[in-house]
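Open the model in your viewer and keep the selection box handy. We will go from one stop to the next, with a note on what to pick and what is there.

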Amino acid sequence: MLITKTHHDVQTNTARGPMRIYVISPSIPGYPRARFPGVVVFSEIYQVTGPVERFAGQIASHGYVVACPSSFHEFEGPEAISYDVEGTDRGNKYKIEKDVVAYDEDATLCVDLLTKLSNCNGRIAATGMCLGGHLAFRAAFDPRVLSSVCFFATDIHSASLGKGGDDSLVRVKNGDMTGKGELVMIFGKQDTHVSRAGRDLIRKALEDASVTTSFVEVQAQHAFIRDESSKGRWDAALTRALFGLMMEVFERTVGRDLGPREGSVAEPAHVC
């Protein structure tokens, strides 16, 4: 599908703002009242860069209205932060200076915006990478978010997101994610940001809490889906395969209106 791009500047309550939310939408000539599911795409520490915009544009071209927030509106404007050393240091500094409650408000406002757009049908999913993977994970606490696909989410295992740290796994253990949307966690086994022990900790917490989760570990490093300034880590073939997995999840969970879930699902039969 063709896509169009615009943005909305949304006022926040918990932090300095406003927050710019870039919106990329499908466009079908002759169908001005077409409505589509929505996806929130949370970025890395560099805000909405070229790789993030291209990733979001591909999702939109499959028939989804995509919202991409500028996560560090408390500290600077919505422009992308450079992938160089200075930009990396700046983004990492902002990441731990921002309050977790402000991250959560940003996610809520993105979902609010999508549900109010005339071209969105109100069925919402989320995804993100690195910092954005953790934010997509936390978005899954919102019952309006029917699925979240998290690429190499950082700081979940260490509870180190934001000022004073985060409570993401504590909330999982308390049941705050149980019975809500579907979750997909994707990690590279050579990711130096999330160790094997960290991945095992996340997996155990999700499984113990009976969260509907697919846990995918691949032969890749951190940031392997970034097609620019990846520092030698971009794996285009693996990115394509996992993009297909993500779209299958989105198509199944938000691409169709299945109505409310009723009754329980029977355990599968033990057959050969």
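Helices (H or I, at least four residues) and strands (E, at least two) are DSSP runs, numbered from the N terminus. This is a predicted model, in which local features need pLDDT of at least 70 and side-chain atom pairs count only at pLDDT 80 or more, while totals for chains, interfaces and linings use all residues. Residues are numbered from 1 along each chain as its sequence is written, and side-chain values use heavy atoms, with hydrogens and water left out.

**Stop 1: the start of the chain**

Select M1, which sits in the segment before β1 (2-10). Its relative accessible area is 46%, so M1 is partly exposed; buried means under 20%, exposed over 50%, and partly exposed in between, with a 1.4 Å probe and protein chains only. Now add I28 and Y31 to the selection: together with M1 they make a nonpolar surface patch of about 320 Å². Patches are made of residues with over 30% relative accessible area and no salt bridge, nonpolar side chains (Val, Leu, Ile, Met, Phe, Trp, Tyr) being joined within 5 Å and like charges within 9 Å. The areas come from the Shrake-Rupley method with a 1.4 Å probe, and for residues only the protein chains shown count as cover.

**Stop 2: the largest pocket**

Which residues lie nearest the centre of the largest pocket? Select L146, K180, G181, E182 and R261 to find them, among 18 lining residues. A pocket here is an open set of points on a 1 Å grid over the protein atoms alone, where a 1.4 Å probe fits, with protein on both sides within 12 Å along at least five of seven lines; lining residues have an atom within 4 Å of a point. Colour β6 (145-151) and α7 (236-253) next, as these are the elements that give two or more residues to the lining of the largest pocket. The space in this pocket is about 580 Å³, where a volume is the space filled by probe spheres set on the points, and grid points are joined across faces, edges and corners. Its lining divides into 6 nonpolar, 6 polar and 6 charged residues. In this count, Ala, Val, Leu, Ile, Met, Phe, Trp, Tyr, Cys and Pro are nonpolar, Asp, Glu, Lys and Arg are charged, and the others, Gly among them, are polar.

**Stop 3: the second largest pocket**

Move on to F55, Q58, I225, D227 and T239, which lie nearest the centre of the second largest pocket, itself lined by 16 residues. Two elements to highlight here are α1 (50-61) and α7, each giving two or more residues to this lining. α1 gives the most, with 5 residues. The volume is about 250 Å³, and the lining has 9 nonpolar, 2 polar and 5 charged residues.

**Stop 4: salt bridges**

Side chains of opposite charge can pair when their charged atoms come close. The cut-off for a salt bridge is a side-chain nitrogen of Lys or Arg within 4 Å of a carboxyl oxygen of Asp or Glu. How many does a search of the whole structure find? The search finds 26, and three are worth a look.

- Select E76 and R90, whose side chains meet at 2.8 Å, N to O. E76 is in the loop between β4 (65-69) and α2 (85-97), and R90 is in helix α2, 14 residues apart.
- Select D104 and R138, with their closest N and O atoms 2.8 Å apart. This bridge links helix α3 (residues 100-116) to helix α4 (residues 131-139), across 34 residues. D104 is partly exposed at 23% relative accessibility, whereas R138 is buried at 6%.
- Select R203 and D200, with their closest N and O atoms 2.5 Å apart. Both lie in helix α6 (residues 196-208), 3 residues apart, about one turn of the helix.

Keep that last pair selected and add R196, R199 and E217: the five are linked in a network of salt bridges.

**Stop 5: positive phi**

Finish on the backbone. Select Q47, in the loop between β3 (36-42) and α1. Q47 has a positive phi of about 65° although it is not a glycine. Is Q47 buried or exposed? With a relative accessible area of 0%, Q47 is buried.

Then jump to D155, in the loop between β6 and α5 (168-173). Phi of D155 is also positive, near 70°, in a residue other than glycine. D155 counts as buried, at 10% relative accessibility.
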